[in-house]
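Trainee: I have a structure open and no idea where to begin. Can we go through it together?
Mentor: Yes, put it up.

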Amino acid sequence: MRSSPLPRMSRRGRVTIGVLVGVFVLFTLLGWGVQAWTDWLWFDEVRYTQVFTNVLVTRLMLFLVVGLGMAAVIGGNLWLAHRLRPRLRPHSLEQATLERYRMALSPRLGTWIALVAAVIGLFAGLSAQSRWNQWLLFRNGGSFGIKDPEFGVDVGFYVFQLPFWRYLLGLGFTTVVLAVLGALAVHYVFGGVRLQGVGDRMTNAARAHLTTLVAVFVLLKAIAYVLDRRAMLLEYNEGTRLYGAGYADVNALLPAKEILAYISIVVAIAIIVFSNAVLRNLVWPGISLALLGVSAIAIGGIYPWAVQTFEVKPSAKDKEAPYIQRSIDATRGAFGLVETKSTAYAASNLTPPQSLITDTSVVPNIRLLDPQLVSETYTQRQQVRQFYDFGEKLDVDRYGTGGKVQDYVVGLREINYRQLTEQQNNWINRHTVYTHGYGLVAAPANRVVCGGQPYFVSGFLGEDKTQQQCSSQTELIPAEQPRVYYGERMATGDYAIVGQTDPNKKAEFDRPVGEGGGESYTYTGSGGVEIGSFSRKLLYAIKEQESNFLLSDAVNEDSKLLYVRNPRDRVEKVAPFLTVDGDPYPAVVDGRIQWIVDGYTTAATYPYAERVNLQAETADELTGRGTFQLARENVNYIRNSVKATVDAYDGTVRLYEFDESDPVLKAWNKAFGGDLVLPKADIPVELAEHFRYPADLFKVQRNLLTKFHVTNPGDFYSAQDFWQVPNVPDAPDSGQKQPPYYLFTQFPGQDGPRFQLTSAVTPNGRQNLAALISGSYVDGKPELEVLELPDQTRISGPVQVHQSMTNNATIRTELNLLSSNQAQVQYGNLLSLPFGDGMLYVEPVYVRSNQQNAPPLLQKILMSYGDGGSYVVLANNVTDGIKQLVDQGKRAGQGTPPPATGGNPPPPTGNNPPALPGELADAANRVQAAITEVKAAQTSGDFERYGRALKALDEAITAFQQAQQAATRPSAPRRAADPAASPNPSPKRLTPTRAACRRPVAVDRMRSATSGR
């Protein structure tokens, strides 16, 4: 009995579906068209249309080629499967059931095949067009001039060729699998493959078709084995915990892959021959596939595992040494660490030298202003109107004023649309009135005035009688065009409409003048897309979904639209192949404010190089608070190849080549016509003077140097000399890493002061100082330097130093006085400065009042020299602090213990407690040192060290009590001979801290406090 065909849809239903599909396609195409047109206009404005056209043409080409190719292969196999259907089919219940589907499909089979092929081709094309970057590198990539250590193949093959070959291979596998599944389905529906009935279950034609497709799949597997041999140099090696092939991979897995490639070719031939020419069944082809699977498991899995387990692991250090060396060399080369200059720094001097007072290179340039903390001070003192903002973090740059070069903390007074009042925040005000900020505000990084405020030297809006003594009387960093139309505070939807037909009509708020007044302005720059015509107004009304483009009088014939106003976004749009640094900074260059943006070229297929995640490696305390978080991108090659500038007034984008030897940048420049990036020789001298070592690149290199400063493979395997980046000194439990900081200073071995990015590192698992890493430019070239301290150094790391300084009894008392219910203490950057064969630490102390919107003000400076705890002061300024440190050093040289001093040392009156006797003073110092060690051990998380510290503290307290009892006995000739001792020592004359140590209750509390945290 024949089954009835599937019921057909009514005409009304077909029309309804057709209309809905048409509307959907129309709106989709309209959205794409509007986006493409407005993108073209934007690229035309910035004069980078070659980027738009090249990317668009490449994506369309890949979409069409891959989509049509996939559709042709799938459609052709479906058609072939139908063409090879048997004319006569044996009667069975299965065939009777399938007859219903054959009757439904047969009248429009061509349509169904075309529809299926088109859908698959559409998705394949959409996937392919996203590979435009791989194709451009594949087509334009050149040579690195470096060969991999295993095959002797140029690294350019791995970076430029291999990714696209692997994509094509994956595409081939997908195509064959879909073709097999589709052909099998058609053969089954039309009787070529049967599950029931007498005779063969598969016709000769169906068997030939399907086995040929399976053979093609196996041949692709052979190609995959060949590419896998190259790709093994990119994979993670569990044995070495590094990337790249290890001993077992090279000596077992590589030969196995080659053998399996040959076996795959033999199996592919056997499948075709045995299933169609000799036996004409699927038994032997099935056996061949099974043997291939068994071979893959045995040769490619069990054998390498056995080599790794029984040969490598028992002597891994020796077996893996050559391959560890390969990873070390490749990583240092891929991340620009080869030229790192490493210098031993003994830091053996623990006493502040006299030369600190007369120094002219380090001490005068100590940066006191913390860019993160003083941003609020800038906002409060230089904001003037509530809609101006300086951001959460300012930037540090250097300028030459008055014949002297020094670092300045700089920030732009930008418009923050989120700060507009409800009345101000309407469409006219937001997009036509409040269009720009005004001025670059700068202050010397080493100077404060007026109770802890920065000394402003630029960016003034007008006369302010109340601030004349707190700022310069003239603009020391003048900007001929101070207006800021493009800045970091601009979000995606913060477009501005500028330009007026009537020159006398000025609609834009320019800057405040007097009490509540302001000047107006009309934009005259070259930036912006003209939107005076009706078609442009309609276009952008659709794009922004805003009818005011058509209805408002604010949009006139001379209007321009400024959009994509964030400097990072502009650079990323102009150069989509660059990874952009998260901390752009402004600079006044030739009288104009320019945003300087560092651009990186990256790759993820450099053989044997360590692979890192940019987002994880660059995250620290400042991420998301003034610096942008990088995307989660895995890379094993990076270069700071491009320095980009964005004009803050007209938005002009320029790309300058910075690394002339980078093959990746050369490939991208070739892909976009060869003139996308300006040569390095075209960089203006004044602009180059403001280049600084990029922060995100430095973080990646610093983190890698914590391991890859070790170049001996045996030492690297033991991992005993690895370092770590310390946590934030004033909040170590937060888990956030201490950010690097820019300084204008001179390190040992340098010819003079230079602007450099610096960071301290500590031994892995410990808190003492291991090394200082700095990055700077010397003659226009990047230079990394490492000052490495001895392994068993006594010099404390940043966390220990901060704790030692703030836990000092005298200093803690003064800090408690600064902080109260009305104020709180905040700490600035803890600077680690090598000086005089020792270490000088400087940490600014800010005080913020609890009053609303009160900014933090610099009040004190913590300073320490030596091991971080012996010589500590809390001073009012750097000069006083240096003098007090040197004075402590002199006292120590005379045999007098160096007491910590505050900013206002008490006069020597008779009310001060006398000095303790020698043994008692030594015991008290041991107690204090033991307490410091306990706290440091708690911070480090080393429980063994913590236990030793607690035991030492208990012994120190016991020794102090014994010394105290001996000191209070009547008639003690040894004490009477001590001129520092009082004839009748009285507990009342002890300092509060020492008296607390004397009392048993206080001792118990001390023990419980240090052990219970």
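Trainee: How much area does the protein expose?
Mentor: About 46300 Å². Carbon and sulfur atoms supply 55% of that area. Keep in mind that this is a predicted model.

Trainee: And what share of the residues counts as buried?
Mentor: Of the 1013 residues, 52% do. Here buried means under 20% relative accessible area.

Trainee: Changing topic. How many helices and strands are there?
Mentor: The protein has 30 helices and 34 strands.

Trainee: What about contacts between residues at least 6 apart in sequence?
Mentor: Of those contacts, 68% join residues at least 24 apart.

Trainee: Now the inside. How does one look for empty space?
Mentor: A probe the size of a water molecule is rolled over the atoms, and this shows where empty space is left.

Trainee: How many cavities of 30 Å³ or more does that give here?
Mentor: The count is three. The largest cavity holds about 310 Å³ of space. Its lining is made up of 29 residues, and those closest to the centre are K393, D583, L622, P739 and P740.

Trainee: Which helices and strands supply at least two residues of that lining?
Mentor: Two helices, α18 (614–618) and α21 (695–708), and two strands, β5 (395–401) and β26 (741–745). The most comes from α21, which gives three residues to the lining of the largest cavity.

Trainee: What classes of residue make up the lining of the largest cavity?
Mentor: There are 13 nonpolar residues, nine charged and seven polar.

How values were computed
Residues are numbered from 1 along each chain as its sequence is written. This is a predicted model: local features need pLDDT of at least 70, side-chain atom pairs count only at pLDDT 80 or more; totals for chains, interfaces and linings use all residues. Side-chain values use heavy atoms; hydrogens and water are left out. On a 1 Å grid over the protein atoms alone, a cavity is a set of points where a 1.4 Å probe fits but cannot get out, and a pocket is an open set with protein on both sides within 12 Å along at least five of seven lines; lining residues have an atom within 4 Å of a point. Grid points are joined across faces, edges and corners, and a volume is the space filled by probe spheres set on the points. Helices (H or I, at least four residues) and strands (E, at least two) are DSSP runs, numbered from the N terminus. Ala, Val, Leu, Ile, Met, Phe, Trp, Tyr, Cys and Pro count as nonpolar, Asp, Glu, Lys and Arg as charged, and the others, Gly among them, as polar. Buried means under 20% relative accessible area, exposed over 50%, partly exposed in between (1.4 Å probe, protein chains only). Contact means heavy atoms within 4.5 Å. Accessible areas come from the Shrake-Rupley method with a 1.4 Å probe; for residues, only the protein chains shown count as cover.
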